[in-house]
Amino acid sequence: MTTTAPTADARALGLAHYAARGVVERVLARHGTTFQQQIALRAAVTADAPQTPDDLVTQVRGSLKADPADIRATVDELLAKQLLVADGPHLRPTDAGRELIAAIGAETAPVTARIWGGIPAEDLAAAGRVLALVAERANAELAAPAA
């Protein structure tokens, strides 16, 4: 019996995204952290140079397409939790912030390996090309004036 592979489309992408995000959110819940907090904190931890709050909001908005006011509230939460600290006009992650990102990474690594393991490299490469193109086109739509 021959089965036809499902066609990649917006629904399949959404289902995969929310399934994977659900796995990550289980880990984040154990640490009392939200998905948006983790994205913002990771951006601060991995930045090549110190970022201002506006820089961080812009970077997170580029990833999540979230409302800037919501992202600013998330940055404030990270400051209140002492995972980020103001250093003049810049923000920097605290040791606790770096440790949290490391702990989340350590907990998600084996799950990620189980989810992605065994997928042929050529399939991952094809999926990567398609997802990059979808993201590029969606970002272009978001940048265009609303119709």
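The exercises below work through a predicted model of one protein, each with a solution in steps.

Residues are numbered from 1 along each chain as its sequence is written, and side-chain values use heavy atoms, with hydrogens and water left out. Because the model is predicted, local features need pLDDT of at least 70 and side-chain atom pairs count only at pLDDT 80 or more, while totals for chains, interfaces and linings use all residues.

**Exercise 1. Confidence and fold**

Task: Establish which helix has the lowest confidence and which the highest, and describe the order of helices and strands along the sequence.

Solution. Begin with pLDDT, the predictor's confidence in each residue, from 0 to 100. The mean pLDDT of the protein is 94, and 98% of its residues reach 70 or more. Confidence is lowest in helix α6 (residues 121-143), at a mean of 93, and highest in helix α4 (residues 68-80), at 97. Next, take the helices (H or I, at least four residues) and strands (E, at least two), which are DSSP runs numbered from the N terminus. There are six helices and two strands, and they follow the pattern α-α-α-α-β-β-α-α along the sequence. Finally, the C-alpha trace spans about 65 × 45 × 25 Å along its principal axes.

**Exercise 2. The largest nonpolar core**

Task: Find which members of the largest nonpolar core touch the most other members, and which element supplies the largest share of this core.

Solution. A nonpolar core is a set of buried Ala, Val, Leu, Ile, Met, Phe, Trp, Tyr and Cys residues joined through side-chain atoms within 4.5 Å. Here buried means under 20% relative accessible area, exposed over 50%, and partly exposed in between (1.4 Å probe, protein chains only). By that criterion, 22% of the 147 residues of the protein count as buried. The largest nonpolar core has 22 residues, of which Leu41, Leu56, Val60, Leu78 and Leu84 touch the most other members. At least two residues of this core come from each of α1, α2, α3, α4 and α5, and the largest share, seven residues, comes from α2. As a last step, follow Leu56 through its contacts (heavy atoms within 4.5 Å). Leaving aside neighbours within four places in sequence, Leu56 is in contact with Ala40, Ala43, Ala44, Gln51, Val75, Leu84 and Leu91.

**Exercise 3. Two residues with positive phi**

Task: Locate Lys65 and Gln82, and decide whether each is buried, partly exposed or exposed.

Solution. Most residues other than glycine have a negative phi, and most peptide bonds are trans. Lys65, although not a glycine, has a positive phi of about 60°, and its place is in the loop between α3 and α4. With a relative accessible area of 40%, Lys65 is partly exposed. Leaving aside neighbours within four places in sequence, Lys65 is in contact with Val60, Asn139 and Leu142. The C-alpha atoms of Lys65 and Asn139 are separated by 9.3 Å, although these residues are 74 residues apart along the chain. Gln82, also a residue other than glycine, has a positive phi near 60°, and lies in the loop between α4 and β1 (84-87). Its relative accessible area of 58% makes Gln82 exposed.

**Exercise 4. A threonine and a serine in helices**

Task: Decide whether Thr74 is buried or exposed, and do likewise for Ser63.

Solution. Thr74 is found in helix α4 and counts as buried, at 5% relative accessibility. Not counting residues up to four places away in sequence, Thr74 touches Gln36, Gln37 and Ala40. Ser63, by contrast, is found in helix α3 and is exposed, with a relative accessible area of 51%. The C-alpha atoms of Ser63 and Ala40, 23 residues apart along the chain, are separated by 9.5 Å.
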